[in-house]
Amino acid sequence: MSVYELNCMLWSLYIDDKFQILGNNVSHWCIWMSNDSYFQKKLEPIKVAKQKSISQLLKEMGRTAYQGRKLGEAVDIWENMLKEKDIVIALGFAGSMSTAGQWTIINWLIENRYIDVLVSTGANVSEDIVDAMGFGYWQGSHMANDEQLLSDDINRYYDVYGKETDYRKMEEIVTDYVMTCSESYQYTSAEFLHGLGKYLDAKNIPAITAVAAKHNVPIFSPAMVDSAYGETFLLAKNQGHSIHIDSVKEFDQFIQIGTKTKDVGVVYVGGGVPKDFTQLIAISVSPMTEDKGVQGRQGGLRKSLQEYYYPHKYAIQITTDSPQWGGLSGCTLEEAISWGKINSQTGTRAVCYCDATIALPLICHALAERVTEKRNGPDMSWIFKDAPKT
């Protein structure tokens, strides 16, 4: 019996006993009650005002509709994550956002521990190095003559231009680091990128990896060879130096995060491999523990398999992909509930269909205004303790 049906039955018994009112009056009251349940939060139009903060604007947008509302809800959910005492916040960072000027925002999130783990495409944590080295990117046009750009050694990222010569200089400095890595050790991407970050920090190159290494925030890049890193491994190999990235060890290391925390909150900028990899923390803990579960964590148990799952407590996704094509980048967080990956509680998740270069700066500036104290995130240094010192 639903709550609605129960309320109707109780009210019927009450008025029958007290007032002997029977028949249509009860059903009319139930219909009124049902209709009233739709009207709990009234939409509030936005009023333009001078000197309104971004935080206030997004709060007001959260009382409107469509993607403006979702953008406002995303800020509220992230703020609630930051108030939790025992939670790991993971950011999935897809695409090529660093060439679009977003990498310094990621640095800010790391410095303030608004995220504890970064799961990124290789592009986002390599192409930022170009800018961090002082070369930079240029505003261009998506209507450019691409054959001419190729002739002029210019790479185009939609409406951004980058010099191929600058890209090669980035690859060369990363290759120099690869040459210092142990040939006998099996690295995870987190271990490799932590070492790279320390190497770049020593050279005063404030790339994402450098800032993350300084704050012991691990960066996992499960498809890192699908980027400049693949070429740097080949460049090092040409010099007689091979490096080994162990993806199985990496997955084991990553899933262990789910055994060392009470809750997990996730923020996805785009989708792809970073999103799918991060989602697996919720369900892959069970095979890791031989379906014995994690002591101290509240989760669920699949009836047919006796398999534990621990849905992420909070979840935000910023995407421009649609769910009807079946891909994970557009998959709704609601769909992930069926897998046991996302919490079903109302007010803990938001999917905002918006360009990340619009949504991410607005959300982060609102957080900067609302959260005045630096967060003390969980200690993640255990991930790097066995890696060789370079």
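**Exercise 1. The six-stranded sheet**

Determine the strand order of the open sheet of six strands, its pairing sense and its edge strands.

*Solution.* Step 1. In this predicted model, the six strands of the open sheet follow the order S7-S2-S1-S9-S12-S13, and their pairing is parallel.
Step 2. Strand S7 (219-220) and strand S13 (349-353) each pair on one side only, which identifies them as the edge strands.
Step 3. Within the sheet, S1 (residues 87-93) and S2 (residues 117-120) run parallel and are joined by four bridges. One residue pair can be named here: Leu91 has Leu118 in S2 as its bridge partner.
Step 4. Helix H4 (residues 66-83) lies across S1, strand S9 (263-269), strand S12 (314-319) and S13. The direction of H4 makes about 140° with S13.

**Exercise 2. The three-stranded sheet**

Establish the order of the open sheet of three strands, and state which helix packs on it.

*Solution.* Step 1. The order is S3-S5-S4, with antiparallel pairing.
Step 2. Strand S3 (138-139) and strand S4 (154-157) have a single partner strand each, so they stand at the edges and one side of each lacks a neighbour in the sheet.
Step 3. Two bridges connect S3 with strand S5 (residues 160-163) in the antiparallel sense. Trp138 is placed opposite Tyr161 in S5.
Step 4. Helix H8 (residues 164-178) packs on this sheet and touches S3, S4 and S5, at about 60° to the direction of S5.

**Exercise 3. Packing of H5 and H16**

Classify the packing of helix H5 (residues 103-111) against helix H16 (residues 356-370), and describe the residues in contact.

*Solution.* Step 1. The two helices pack at an angle of about 30°, and their axes are 11 Å apart.
Step 2. Angles under 35 degrees count as roughly parallel; H5 is therefore roughly parallel to H16.
Step 3. The crossing of H5 past H16 is left-handed.
Step 4. H5 contributes Ile105, Ile106, Trp108 and Leu109 to the contact, while H16 contributes Leu360, Pro361, Cys364, Leu367 and Ala368.
Step 5. Sorted by class, the contact of H5 with H16 comprises nine nonpolar residues, no polar ones and no charged ones.

**Exercise 4. An aromatic pair**

Assign the geometry of the ring pair Phe192 and Phe233, and locate both residues in the secondary structure.

*Solution.* Step 1. The whole structure contains 13 aromatic pairs.
Step 2. For Phe192 and Phe233, the ring centres are 5.5 Å apart and the planes stand at 80°, so the pair is edge-to-face.
Step 3. Phe192 belongs to helix H9 (residues 189-202) and Phe233 to helix H11 (residues 228-238); the pair therefore ties together parts that are 41 residues apart in sequence.

Methods:
Residues numbered from 1 in each chain as written. Predicted model: local features only at pLDDT ≥ 70, side-chain atom pairs only at ≥ 80, totals over all residues. Heavy atoms only, no water. Axes fitted to C-alpha atoms, helices over the stretch in contact; angles between N-to-C directions. Parallel < 35°, antiparallel > 145°, perpendicular 65-115°, else oblique. Left-handed = near helix turned anticlockwise from the far one by under 90°. Contact = heavy atoms within 4.5 Å. Nonpolar A, V, L, I, M, F, W, Y, C, P; charged D, E, K, R; others polar. Pairing = 2+ DSSP bridges. Phe/Tyr/Trp six-rings, centres within 6.5 Å; stacked < 30°, edge-to-face > 60°.
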